[in-house]
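Student: I have a structure open and would like to learn how to read its features. Could you walk me through them?

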Amino acid sequence: MRVTRVVETHVHNDYVSGALELRAATGAVIAGPARAGYAFPFEPLAEGDELSLGTLRIVAAETPGHTPEHLSYLVYEGDAEEPTAVFTGGSLIVGSAGRTDLLGPEATLELTRAQYRSLNRLSALSDQTLVFPTHGAGSFCSSSPPGDERTSTIGRERVSNPALADGKMGEGIFVERRLTGLLAYPSYYSHISPINRAGPRVFGDVPVRRGLAPSQVAERIENGARVIDGRERHAFAARHIPGSIAIELDDSFASYVGWIVPFGAPIVLVLPEDRPEDEAAVEASTQLFRIGYEAVDGFLRGGVAAWAEAGRQVRSYPVSTVDELATAVEKGRARVLDVRQQTEWDVGHLEGSTHLFVGDVDDRIAEIPRDREVWTVCATGHRAAMAASLLDRDGIPVRLVTPGGVPDVMARIG
């Protein structure tokens, strides 16, 4: 098989596009929305423009909403009058739709109205039309939690997708519901669209950084590098490099790094201890590379154990269970910092607790009193661990609550 084209649906906000990498590797032509404003050579497409692939016809359909220039692509087999499939990009997503507020409040209303029209257009396709979106579960580009499936059909979405149900209620209700209860999205998003429009640098492969000795890590810290510790939260609490930030190396690792660490800041990694260092280094480097974080200086070879063996200082803080937090809350002994999303807080929270979303903790840490211990809590302990590390870095006495979180505590105290 030979790759002849790389086809973009829109200018992405969540990840650096791999289109230029694919072009460099294969010689393929990049095609995409004529209105994208790309600063590199590409084949501009607009409503009705066609690409051919053997017996397939791929027809551009303008579906603005998620972004102004957004295109979907209808796929026809031979001379068929009805499409077999549609590549929906960030317009129609399995179980949801692309959110319309990522380009700022001044554009949100117009884009949401456009999304209403685009979804109605897509929902008019035949039931058996296959749906292939670009965004899926875990993406903050969706306006409501998407389904776990990566693909669907128009018929299935018409029956089960809340965004299409809202569309049946009229434009006004659609706009109101699609703009209600939106999750905060990572701060790095504001940097990605300009990179994709200009055309990211071509590397040829993910740059995986080398292992560093404790002395080299210390030197980089002195020069302003941020230490991101990808270990499990209990291990971090028990022993960590002073000033390091706890972000477990899982599927959401890059999103939270992009929320907490300033874009372009130099980074040194501390890797999980339950897998080979080189393997974990590839995983972390790949995730960060995909969101434009190229300034990864390396990782601490031998981890925190090597750091401590070199005679360097480590810090720790206590960890408590949800039962212990419930007891402390009932006795009025806990100062609680809830770092969940606003929508989660609105559903229910602990009386007397303070709310500060984890992505905002670093910027607003001066608002947190430091005269007594702060218990950090979320829904599972994942985000609470990040917040605890930020408070610890700032010298605020902290206690992490994990596993579990606010819903579990509320169930225990009634």
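Student: Let's start with a helix. Which residues of helix α12 (residues 322-330) are buried?

Tutor: Keep in mind that this is a predicted model. In α12, the buried residues are Val-322, Leu-325, Ala-326 and Ala-328. These residues cover an arc of only 165° around the axis, so they sit on the same side of α12.

Student: What do the buried residues of α12 pack against?

Tutor: Their partners are four strands and a helix by name: β17 (319-320), β18 (335-338), β20 (374-377) and β21 (398-401), together with α16 (406-413). While you are there, look just past the helix: α12 is followed by Gly-332, which has a positive phi near 70°.

Student: I'd like to try another helix. Which residues of α1 (residues 19-26) are buried?

Tutor: Ala-19, Leu-20 and Glu-21 are buried in α1. The elements covering them include β1 (5-7), β2 (29-33) and α10 (277-290). Here too a glycine comes after the helix: Gly-27, just after α1, takes a positive phi of about 80°.

Student: Now the sheets. How should I think about strand pairing?

Tutor: Strands of a sheet pair through backbone hydrogen bonds, and the pairing is either parallel or antiparallel. One case here is an open sheet of 5 strands with parallel pairing, in the order β12-β16-β15-β13-β14. Its edge strands, β12 (211-212) and β14 (245-246), each pair on one side only.

Student: How many bridges join β15 (residues 267-270) to β16 (residues 296-300)?

Tutor: These two strands pair in the parallel sense over 3 bridges. To find one of them, start at Val-268, whose bridge partner in β16 is Gly-298. Strand β13 (residues 226-229) also runs parallel to β15, joined to it by 4 bridges. There, Ile-228 has Leu-269 of β15 as its bridge partner.

Student: Where do the side chains of β15 point?

Tutor: The general idea is that side chains in a regular strand alternate between the two faces of the sheet. In β15, Ile-267 and Leu-269 point one way, while Val-268 and Val-270 point the other way. All of these residues are buried.

Student: Which handedness does the unit made by β15, α10 and β16 have?

Tutor: Those elements make a right-handed β-α-β unit. You have met α10 already, among the elements that cover the buried residues of α1.

Student: What is the strand order in the sheet of 3 strands?

Tutor: That open sheet has the order β1-β2-β3, again with parallel pairing. The edge strands are β1 and β3 (43-45), and each pairs on one side only. Neighbouring strands of this sheet are turned by 25° against each other on average, with direction ignored. Between β1 and β2, which run parallel, there are 3 bridges. To trace one, take Arg-5, whose bridge partner in β2 is Val-29.

Student: Let's finish with charges. What should I look for?

Tutor: Side chains of opposite charge can pair when their charged atoms come close. A search of the whole structure finds 25 salt bridges. Among them, the side chains of Arg-99 and Asp-101 meet at 2.7 Å, N to O. Both Arg-99 and Asp-101 are buried.

Student: Which parts does the salt bridge between Arg-383 and Glu-344 tie together?

Tutor: The side chains of Arg-383 and Glu-344 meet at 2.7 Å, N to O. Arg-383 lies in helix α15 (residues 382-393) and Glu-344 in helix α13 (residues 342-347), so the pair ties together parts that are 39 residues apart in sequence.

Student: Are the two ends of that pair buried or partly exposed?

Tutor: One of each. Arg-383 has 11% relative accessibility and therefore counts as buried, whereas Glu-344 is partly exposed, with a relative accessible area of 22%. The cut-off for buried is under 20%.

Student: What other salt bridges could I look at?

Tutor: Try Glu-367 and Arg-364, whose side chains meet at 2.9 Å, N to O. Arg-364 counts as partly exposed at 35% relative accessibility. You can also look for a network: salt bridges that share partners join Arg-113, Arg-117 and Glu-171.

Technical notes. Residues numbered from 1 in each chain as written. Heavy atoms only, no water. Buried < 20%, exposed > 50% of the residue type's maximum accessible area, 1.4 Å probe, protein only. Contact = heavy atoms within 4.5 Å. Salt bridge = Lys/Arg side-chain N within 4 Å of Asp/Glu carboxyl O. Pairing = 2+ DSSP bridges. Axes fitted to C-alpha atoms, helices over the stretch in contact; angles between N-to-C directions. Arc of directions from axis to C-beta. Right-handed = clockwise from strand over helix to strand, strands pointing away.
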